[in-house]
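This report describes the fold of a single chain, moving from its overall make-up to selected strands and helices.

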Amino acid sequence: MKKSLKLLVFAMMSMLLVFVAAACGQQDTETGGEEPQEEQQKEQNEEQQEEAAAEEGSGVVNLYTTRHYDTDEELYKKFTEQTGIEVNVISGKDELVQRLKDEGEATEADVFITADAGNLARLKADGLTQSVESEVLTNNIPEKLRDVDNQWFGLTKRARVIVYSKDRVDPSELSTYEALTEDAWKGRVLIRSSENIYNQSLLASFIELNGEEAAKEWAQGIKDNMARDPEGGDTDQVKAVVAGLGDVAIANTYYVGRLINSTDSEDSKVGEQVGVFFPNQETNGTHINISGAAVVKHAKNVDNAIKFIEFLSDVEAQELFAKGNNEYPVNPDAAISETLKSWGEFKEQDINLTILGDNNARAIQIYNEVGWK
Ligand SMILES: [Fe+2]
């Protein structure tokens with residue numbers, strides 16, 4: 001009896017085991033079958049998302065830029081290495097603005113980089129840019145160097161200074177932009193045409209800081225003291241100082257930096273013979289301007305565009321980006337080049353650069369009124 005009971009228990013346990021094993025096996029098969037199905041679905045979804053993203057052009061950022069330096073290309077490569085986002089560069093000059101206008105909604109441009117807050121303000125006024133909310137950008141870029149509506153962001157900074165002949169001018173004779181209108185400077189001042197945005201922005205800043213009347217007096221006074229009728233660009237004015245056509249020029253700092261660091265010995269000699277003077281240090285500061293970036297209104301890759309501008313505002317990128325054109329970084333944590341260091345620190349005009357766009361039309365009007373061509 002005992003033996004038969006043992007057998008029965010054994011038989012029952014064996015059956016239970018087989019049952020449990022079978023049940024487990026079934027469960028295994030079921031779960032095993034379910035997982036690949038879920039994964040397949042997931043993969044399919046991902047593929048569909050990727051395809052949709054590819055149609056939107058994800059994975060790239062299309063850049064229209066009026067800058068063209070080797071260091072910029074290096075930076076774009078670094079950005080691609082870090083993010084996997086390709087940078088398609090279309091570089092040109094002012095015609096890129098017209099191109100952007102003509103392309104309208106169909107444009108492939110995501111980011112537009114150009115010089116002068118006045119130019120960036122025009123893009124904004126023409127409805128070609130959009131507002132960007134980015135903590136990175138607001139942290140990296142001082143408030144006065146970005147648009148009040150965050151439609152453009154300064155990336156490099158330059159000062160519009162007095163460049164003087166080291167032979168014929170002692171810097172102790174220099175003080176302010178306004179002082180160059182005094183009789184002592186008659187026939188000695190070199191400056192380019194008023195059609196140029198740099199001079200328009202300069203006068204726009206004076207309108208803001210000193211009022212329209214004083215701005216007009218300045219324009220008239222400089223016109224009366226010109227060494228010659230305006231011709232050529234800023235570099236031509238600096239060269240004209242060295243050639244003895246005049247004794248001082250008003251020019252952007254990077255042109256002098258470019259001459260000093262030029263591999264062309266003639267140019268570097270020109271750079272050595274002039275000094276850089278930061279005017280209005282005891283009053284309202286030296287005029288500064290920027291080159292900067294905007295996200296295009298009809299950009300197809302807005303997230304990538306923002307990532308790209310954020311990358312360019314970061315300390316490491318800032319140092320290289322600014323150096324490419326002998327400019328000052330906008331990010332206060334970034335180091336400046338040796339050439340810029342040699343000129344020393346200076347007090348800047350304390351105005352938001354958005355104002356340069358606001359006052360542009362009035363500045364042009366004043367130049368026309370005083371006959372500064
Ligand atoms: Fe320039």
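## Overall composition

The chain contains 15 helices and nine strands. The model is predicted, with a mean pLDDT of 89 for the chain. Of the 373 residues, 40% are buried. Among contacts between residues at least 6 apart in sequence, 79% join residues at least 24 apart.

## Confidence

A pLDDT of 70 or more is reached by 84% of the residues. Residues 16–36, by contrast, have a pLDDT below 50, and beyond near neighbours in sequence this stretch makes zero contacts in the model. Residues 49–57 also stay under 50, and for them the model has four contacts beyond four places in sequence. Where pLDDT is low, predicted coordinates should not be read in detail.

## Strand β6 and its partners

Strand β6 covers residues 248–252, and five of its five residues are buried, so the strand is largely enclosed by the rest of the structure. Burial extends to both faces: Val248, Ile250 and Asn252 lie on one side, and Ala249 and Ala251 on the other.

Strand β6 pairs with β4 and with β5, in opposite senses. Strand β4 (residues 153–165) runs antiparallel to β6 and is joined to β6 by five bridges. Strand β5 (residues 189–190) is parallel to β6, with two bridges between them. Alanine 249 of β6 takes part in both pairings: valine 163 stands opposite this alanine, and alanine 249 is also the bridge partner of leucine 190.

## Helix α2

Helix α2 comprises the 14 residues 70–83; at 1.5 Å a residue it should span 20 Å, and its end C-alpha atoms are indeed 20 Å apart. Its buried residues are Asp72, Leu75, Tyr76 and Phe79. Seen down the helix axis, the buried residues of α2 fall within an arc of 100°, so they line one face of the helix.

The other side of α2 carries the exposed residues Asp70, Lys77 and Glu81. Cover for the buried residues of α2 comes from elements including β2 (86–91), α11 (302–313) and α12 (315–323). Just after α2, glycine 84 adopts a positive phi of about 80°.

## Helices α6 and α7

Helix α6 spans residues 197–210 and includes isoleucine 207. This isoleucine has 22 C-beta neighbours inside 10 Å and therefore counts as buried, the cut-off being 20 or more. Leaving aside residues up to four places away in sequence, isoleucine 207 touches Glu212, Ala215, Asn359, Arg362 and Ala363. The C-alpha atom of isoleucine 207 is separated by 9.9 Å from that of isoleucine 366, although the two residues are 159 residues apart along the chain.

Helix α7 (residues 212–225) has 14 residues and reaches 20 Å from its first C-alpha to its last, close to the 20 Å expected at 1.5 Å a residue. Its buried residues are Ala215, Lys216, Trp218, Ala219, Ile222 and Asn225. Among the elements covering the buried residues of α7 are β5, α6 and α15 (360–370). Ala215 thus appears in two settings: as a buried residue of α7 and as a contact of isoleucine 207. Strand β5 likewise has two roles in this description, since it helps to cover α7 and pairs with β6.

How values were computed:
Residues are numbered from 1 along each chain as its sequence is written. This is a predicted model: local features need pLDDT of at least 70, side-chain atom pairs count only at pLDDT 80 or more; totals for chains, interfaces and linings use all residues. A residue is buried if 20 or more other C-beta atoms lie within 10 Å of its own, exposed if 12 or fewer, and partly exposed in between; C-beta atoms are placed from the backbone. Helices (H or I, at least four residues) and strands (E, at least two) are DSSP runs, numbered from the N terminus. Two strands pair if DSSP finds at least two bridges between them. Two residues are in contact if their C-beta atoms, placed from the backbone, lie within 7 Å. The expected span of a helix is 1.5 Å times one less than its number of residues. The arc is that of the directions from the helix axis to the C-beta atoms. pLDDT is the predictor's confidence in each residue, from 0 to 100.
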